[in-house]
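User: Please take a close look at a single part of this structure and explain how it is placed among its surroundings. I am a first-year student, so please define each term once.

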Amino acid sequence: MRSSGLKLTPQRLAIVRELAADPTHPTAQELFERLRPTLPTMSFATVYNTLDALASAGLCVALSLSPGASRFDPNMEAHHHAVCDRCGLVRDVPCEPSELSAQRPDEIAPAPLTAAPGFEVRAVERIYRGLCAACAKGRQGDESAQAAAREAGRSEENSRLRPAGARGARRPERG
């Protein structure tokens, strides 16, 4: 953050830590609600403005993958996304090795964009739409399915990121 010219504050550090620890691409509102118990004086505007500053600095990406609020992705490596049609869960999908070897966007772009002459391609992304594991199992109610899917996603990600027996900072309880 410092090398990008962003001032380090306790609120910004908490937002960055929470975003980096969450593989589900949270919204500004979700981050605000999670951080409110530990930072009760922090406003929603602080969370949103921090995420906007991080995106402007190239430290995260704001995504509009489905109707509703933007989701924020701290993964700046080339990847695609899987989006659950029912609960809205978003997960990263690795690129194929052949996609990573491309040096320029036009090398990975589909056939020439005949419908948009002169359009300059900046990036090519794939969005896989379907049902996450929790929704596919037939959980009822979007809100409970979303909560279960997000928790399952965090558990899966944490088990891959932390060595066995390692302890991480406890996340505030959400209600």
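Analyst: The buried residues of helix α1 have a cover that includes α2 (28-35), α3 (44-56) and β2 (71-73); contact here means heavy atoms within 4.5 Å. Helices (H or I, at least four residues) and strands (E, at least two) are DSSP runs, numbered from the N terminus. The model is predicted, so local features need pLDDT of at least 70 and side-chain atom pairs count only at pLDDT 80 or more, while totals for chains, interfaces and linings use all residues. Residues are numbered from 1 along each chain as its sequence is written, and side-chain values use heavy atoms, with hydrogens and water left out.

Helix α1 spans residues 10-20, and its buried residues are Ala14, Ile15, Glu18 and Leu19. These residues lie on the same side of α1, because they cover an arc of only 130° around the axis. The arc is that of the directions from the helix axis to the C-beta atoms. Buried means under 20% relative accessible area, exposed over 50%, and partly exposed in between (1.4 Å probe, protein chains only). On the other side of α1, the exposed residues are Pro10, Arg17 and Ala20. A general rule helps in reading this pattern: an α-helix has 3.6 residues a turn, so residues three or four places apart point the same way.

One of the buried residues of α1 carries a charge partner. Glutamate 18 counts as buried because its relative accessible area is 9%. The side chain of glutamate 18 meets that of arginine 34 in a salt bridge, at 3.2 Å from N to O. This pair links distant parts of the chain, with glutamate 18 in helix α1 and arginine 34 in helix α2, 16 residues apart. A salt bridge is a side-chain nitrogen of Lys or Arg within 4 Å of a carboxyl oxygen of Asp or Glu. In general, side chains of opposite charge can pair when their charged atoms come close.

Arginine 34 has a further partner. Its side chain and that of aspartate 22 meet in a salt bridge of 2.7 Å, N to O. Here too distant parts are linked: arginine 34 belongs to helix α2, aspartate 22 to the loop between α1 and α2, and they are 12 residues apart. Arginine 34 counts as buried at 0% relative accessibility, and aspartate 22 is buried as well, with a relative accessible area of 1%. Glu18, Asp22 and Arg34 are thus linked in a network of salt bridges.

How many salt bridges does a search of the whole structure find? The total is three. Beyond the network just described, arginine 71 forms a salt bridge with glutamate 30, the closest N and O atoms being 3.5 Å apart. Arginine 71 lies in strand β2 and glutamate 30 in helix α2, so this pair ties together parts that are 41 residues apart in sequence. Both residues of the pair are buried; for arginine 71 the relative accessibility is 9%. The side chain of arginine 71 also has a polar atom 2.8 Å from the backbone oxygen of histidine 25. The rule for such a polar contact is a pair of N or O atoms within 3.5 Å; within protein, one must be able to donate a hydrogen and the other to accept it, and residues adjacent in sequence count only if both atoms are side-chain atoms.

The loop that follows the helix deserves attention as well. Proline 26 lies in the loop between α1 and α2, and it is buried, with a relative accessible area of 0%. Not counting residues up to four places away in sequence, proline 26 touches Leu19, Leu31, Arg34, Ser70, Arg71 and Phe72. Several of these names have appeared above: Leu19 is among the buried residues of α1, Arg34 belongs to the salt-bridge network, and Arg71 lies in strand β2. Proline 26 and leucine 89 are 63 residues apart in sequence, and their C-alpha atoms are 9.0 Å apart in space.
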